[in-house]
Amino acid sequence: MLAVSQPRTVRWREITAAPTTRRVLIFFGLMAFLAPFGLSLGASGTYILDRFLSTAIFFALIVIAIRDTTDLRFIIGSYVLSMLILIYSGFFLWETTTFNGFERVGSSGM
């Protein structure tokens, strides 16, 4: 929402500045263009809309948000801290059950 509400603060050119982002955009364009030629248009469209579109949007927002190494350090630190909280919760807070020799989370309503 910040990127849309304050477009001056965002460098929209950064989306296509790096070769990696250009490849992701080309890949997304190919997926959208070639979906009608696949075996199942419904399955191709569902994959693009349900799974890949959200990933592509998040990727674009991350590319736009990172302006320098300080932003990159903050994003990586946030990711590491959130994973530590998730791991701690998995080991010590959530109740697990044994199923077929494997420990699993007892309830998936988390």
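1. Let me begin with F92, which is exposed in this predicted model. Its relative accessible area comes to 59%, and since the exposed class begins over 50%, the label follows. The ring of F92 pairs with that of Y88. Y88 has a relative accessible area of 46%, so Y88 counts as partly exposed.

2. How is the pair of Y88 and F92 arranged, and what are its distance and angle? The ring centres are 5.1 Å apart and the planes make an angle of 45°, an arrangement classed as tilted. Both residues belong to helix α5, which spans residues 69–93. They are four residues apart, about one turn of the helix.

3. Please look next at F28 and F52, another aromatic pair. Their ring centres lie 5.6 Å apart with 20° between the planes, and because planes under 30 degrees apart count as stacked, this pair is stacked. Here the partners come from distant parts of the chain: F28 sits in helix α3 and F52 in helix α4, with their positions 24 residues apart in the numbering. By the pairing rule, the count comes to five aromatic pairs.

4. Are F28 and F52 buried or exposed? F52 is buried, at 12% relative accessible area. F28, at 24%, is partly exposed, because it falls above the 20% limit for buried residues. These two residues also join F27 in one aromatic cluster.

5. The helices that carry this cluster deserve a point of their own. Helix α3 covers residues 19–34 and helix α4 covers residues 41–65. Their axes come within 11 Å and cross at roughly 160°. That angle is over 145 degrees, so α3 runs roughly antiparallel to α4. The crossing of the two helices is left-handed.

6. Which residues make the contact between α3 and α4? From α3 the contributors are T21, V24, F27, F28, M31 and A32. From α4 they are Y47, I48, F52, L53, F59 and V63. Sorted by class, the contact has eleven nonpolar residues, one polar residue and no charged residues. You will recognise F27, F28 and F52 from the aromatic cluster.

7. Two further residues in helices can be placed relative to that contact. M83 is found in helix α5, and with 30% relative accessibility M83 counts as partly exposed. The C-alpha atoms of M83 and Y47 are 27 Å apart, while the sequence separation is 36 residues. A65 belongs to helix α4 and is partly exposed as well, at 37% relative accessibility. From A65 to F52 the C-alpha distance is 20 Å, across 13 residues of chain.

8. My last point concerns P7, in the loop between α1 (2–5) and α2 (14–17). At 46% relative accessibility, P7 is partly exposed. Where does P7 stand with respect to I64? The two are 57 residues apart along the chain, and their C-alpha atoms are separated by 11 Å.

Notes. Residues numbered from 1 in each chain as written. Predicted model: local features only at pLDDT ≥ 70, side-chain atom pairs only at ≥ 80, totals over all residues. Heavy atoms only, no water. Axes fitted to C-alpha atoms, helices over the stretch in contact; angles between N-to-C directions. Parallel < 35°, antiparallel > 145°, perpendicular 65-115°, else oblique. Left-handed = near helix turned anticlockwise from the far one by under 90°. Contact = heavy atoms within 4.5 Å. Nonpolar A, V, L, I, M, F, W, Y, C, P; charged D, E, K, R; others polar. Phe/Tyr/Trp six-rings, centres within 6.5 Å; stacked < 30°, edge-to-face > 60°. Buried < 20%, exposed > 50% of the residue type's maximum accessible area, 1.4 Å probe, protein only.
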